[in-house]
Amino acid sequence: MSLFLAVGGFLLPVCAQAQVAIFGNTTGKDGFSQWLNDVTLVGQIEGGIMANPARPDNGINFGNFLADHANQVQLNQLEFTLSKAIDPGKSEYQIGFTLEGLYGSDARYYHLLGVSDHAFSNRYQLIPAQAHVDVHLPWLTGGGLDMQAGILQAPMGVETLDPTTRPFYTLAYTSEYSVPFEHVGAMFKWHVIPLLDVTFGVDTGNQTTFGKSDPNHEAAGYFGFNLNGLAGGKLNIIELSRIGPENAVAAFGRRADSDMRYWNDINAAYQVTDKLSVTGEFNYLHDEGLRADTYSFVSFLSYKITPSLTFNYRGEIYRDNTGQFVLSFLDNTAYMRAFSGASVPVEAAPPTTYGALTLGVTYRPTLGHGLRVFELRPEIRFDRSLNGTSPFNDGRNTGVFTFGMDGVLGF
């Protein structure tokens, strides 16, 4: 049996039977044994390559995190998730959890300061990608209130760390530079009415924790809303804003505690037909400490050619107004050391307006036999400076052409 999950405006097939029930079938039992019934374990492995015919001397695809090493095959993720999901549709008290461990090259960009950032120095690293308690409280309205507390993946934006929830191997500039990645904190979603959810939360900062591991000692927080099922159930809109200091005292002095960063993201996903979906995302970020702004628009289109083959398009215009956000980090620990205010080796560019076009297909047959997902995703991508700068291939070119593919196998 196959189901379809709508994520960011994309129809993604999910194999319903391919989860391991850790404690077997406890149906009919009471209390804690019944609670254990829905505890499941899933896992997946992803690897890929992004080829660059220009062969940059430093071997780096500029502006690309997850496929940053040009012309090299790499293991992006080997991950396992143990979880018990809550059902917001049930008007009763519920408690669940999510524990996810991830090993691979992607982990370099998703650490938390003070948790795992000093544990590894090679390309393949290990992180606790998620570790949170999930609670449903039947309070205030019929839909109640959901809470997650612990190590959380940031909720802002369309593209996520999980490759099965996004259409491409690579990420948009917006998804890399203008949305947060990981938090320690608590997030709440209040289901006001079926049409409206309100989201709010507080955390220690983007990819930071407490005490000496928080480079500016101040908290940050979210607020926003979801509009669900508009236009006859075909349109969903998500708006999230975030405010808090994100720069390090080590680099900016005491003003790092008071200079705010304002993140704003709104996206709308429209299911045109059973086969065609479109998504638009607008993002604006302003940082008082850096005196910097980024703003961008990303458009996505997904068309199901056959039940197992989907064509994907992504187009983006991204403005880095000062050249301080779009950076490539040139060793395996530079990204996280930069969070603490250290001087690190980077490849930078002057203020640039980036245009990026990505085309690809997702081949995702239903294999059964305990496999939750198998997919191959070839893609072709062209990035170009729209204002005449030369940020690509060691500063030699105004544009860069890359092509590659990743594969995902999960149970």
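## A charge over a ring

Which residue has its charged end over the ring of Tyr173? That's Arg381, and its charged end sits 5.5 Å from the centre of the ring. Keep in mind that you're looking at a predicted model.

## The second largest pocket

Now for some empty space. The second largest pocket holds about 640 Å³, and 27 residues line it. Arg261, Gln324, Leu327, Phe329 and Ala338 are the ones nearest its centre.

What is the lining made of? It splits into 18 nonpolar, 6 polar and 3 charged residues. Helix H2 (173-177), helix H4 (249-252), strand E13 (261-271) and helix H5 (334-339) each chip in at least two residues. H5 gives the largest share, with 3 residues.

## Rings in pairs

There are 19 aromatic pairs in the structure. Take Tyr335 and Phe339: their ring centres are 5.2 Å apart and their planes meet at 65 degrees, so this pair is edge-to-face, as planes over 60 degrees apart count that way. These two are 4 residues apart in helix H5, so about one helical turn separates them. Tyr335 is buried, at 9% relative accessible area, and Phe339 is buried too, at 15%.

Phe401 and Phe403 make a tilted pair, with 5.7 Å from centre to centre and 40 degrees between the planes. Phe401 is partly exposed at 38% relative accessibility, and Phe403 is also partly exposed, at 38%.

## A cluster of rings

Tyr335 and Phe339 turn up again in an aromatic cluster. The other members are Phe65, Tyr109, Tyr110, Tyr177, Phe181 and Phe329. You've met Phe329 already, as one of the residues nearest the centre of the second largest pocket.

Conventions: Residues are numbered from 1 along each chain as its sequence is written. This is a predicted model: local features need pLDDT of at least 70, side-chain atom pairs count only at pLDDT 80 or more; totals for chains, interfaces and linings use all residues. Side-chain values use heavy atoms; hydrogens and water are left out. On a 1 Å grid over the protein atoms alone, a cavity is a set of points where a 1.4 Å probe fits but cannot get out, and a pocket is an open set with protein on both sides within 12 Å along at least five of seven lines; lining residues have an atom within 4 Å of a point. Grid points are joined across faces, edges and corners, and a volume is the space filled by probe spheres set on the points. Ala, Val, Leu, Ile, Met, Phe, Trp, Tyr, Cys and Pro count as nonpolar, Asp, Glu, Lys and Arg as charged, and the others, Gly among them, as polar. Rings of Phe, Tyr and Trp (its six-membered ring) pair if their centres lie within 6.5 Å; planes under 30 degrees apart count as stacked, over 60 as edge-to-face and the rest as tilted. Buried means under 20% relative accessible area, exposed over 50%, partly exposed in between (1.4 Å probe, protein chains only). A charge sits over a ring if NZ of Lys or CZ of Arg is within 6 Å of the ring centre and within 35 degrees of the ring normal.
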